[in-house]
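Reader: I've got the model open and I'd like to know what backs up each label. Can you walk me through it?

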Amino acid sequence: MKFLHTMVRVHDLEKSLDFYINKLGLIETKRVDVPEGKFSLIFLATEIGGPEVELTHNWGSSETYSQGRNFGHLAYEVDDIYQLCQKLMDSGVVINRPPRCGHMAFVKSPDGISIELLQKGERLAPQEPWLSMENIGSW
């Protein structure tokens with residue numbers, strides 16, 4: 001058995017692509033537009049051949065997607081958690097759980113999907129401004 005992807009529905013495709021590609025740094029690996037079904041599937045990964053996130057965008061849908069507890073979060077290993085969190089914060093992303101411990105942080109996508117960021121290897125030494133930051137939102 002091989003893990004292939006996780007699917008999340010998105011309301012605003014452009015905002016979601018900006019978040020996942022420009023801010024998180026994922027790459028688009030495949031796109032399928034289905035005009036007769038009025039939806040698009042966009043597959044994103046950290047590298048070609050890696051596990052993917054499938055963004056499903058239903059064209060013109062006003063459906064509200066509930067945030068059930070049956071879906072927790074997506075997790076990504078990062079090279080420098082402080083550097084990435086600073087980049088995300090500078091681009092307007094709220095850091096819901098700052099990386100005070102040098103190991104873990106949480107942010108949310110434009111559609112409210114929790115994204116866990118985990119420091120690759122050993123945790124980094126705690127440093128400001130992260131030490132003094134409170135949790136900004138729920139994660």
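Author: Sure, starting with pairing: two strands pair if DSSP finds at least two bridges between them. Helices (H or I, at least four residues) and strands (E, at least two) are DSSP runs, numbered from the N terminus. This is a predicted model, where local features need pLDDT of at least 70, side-chain atom pairs count only at pLDDT 80 or more, and totals for chains, interfaces and linings use all residues. Residues are numbered from 1 along each chain as its sequence is written, and side-chain values use heavy atoms, leaving out hydrogens and water.

Reader: What makes strand 1 and strand 4 a pair?

Author: Five bridges join strand 1 to strand 4 (residues 52–58), and the cut-off is at least two. The two strands run parallel, with V8 opposite L55 in strand 4.

Reader: Why are strand 1 and strand 2 called edge strands?

Author: The open sheet has four strands in the order 1-4-3-2, with mixed pairing. Strand 1 (5–9) and strand 2 (27–34) each pair on one side only.

Reader: How do you know that C101 isn't bonded to C85?

Author: A disulfide is a pair of cysteine sulfur atoms within 2.5 Å. The sulfur of C101 is 10 Å from its closest cysteine sulfur, in C85, so that's too far for a bond. The structure holds zero disulfides.

Reader: Why is C85 called buried, and C101 partly exposed?

Author: Buried means under 20% relative accessible area, exposed over 50%, partly exposed in between (1.4 Å probe, protein chains only). C85 sits at 0%, so it counts as buried. C101 has 21%, so it counts as partly exposed.
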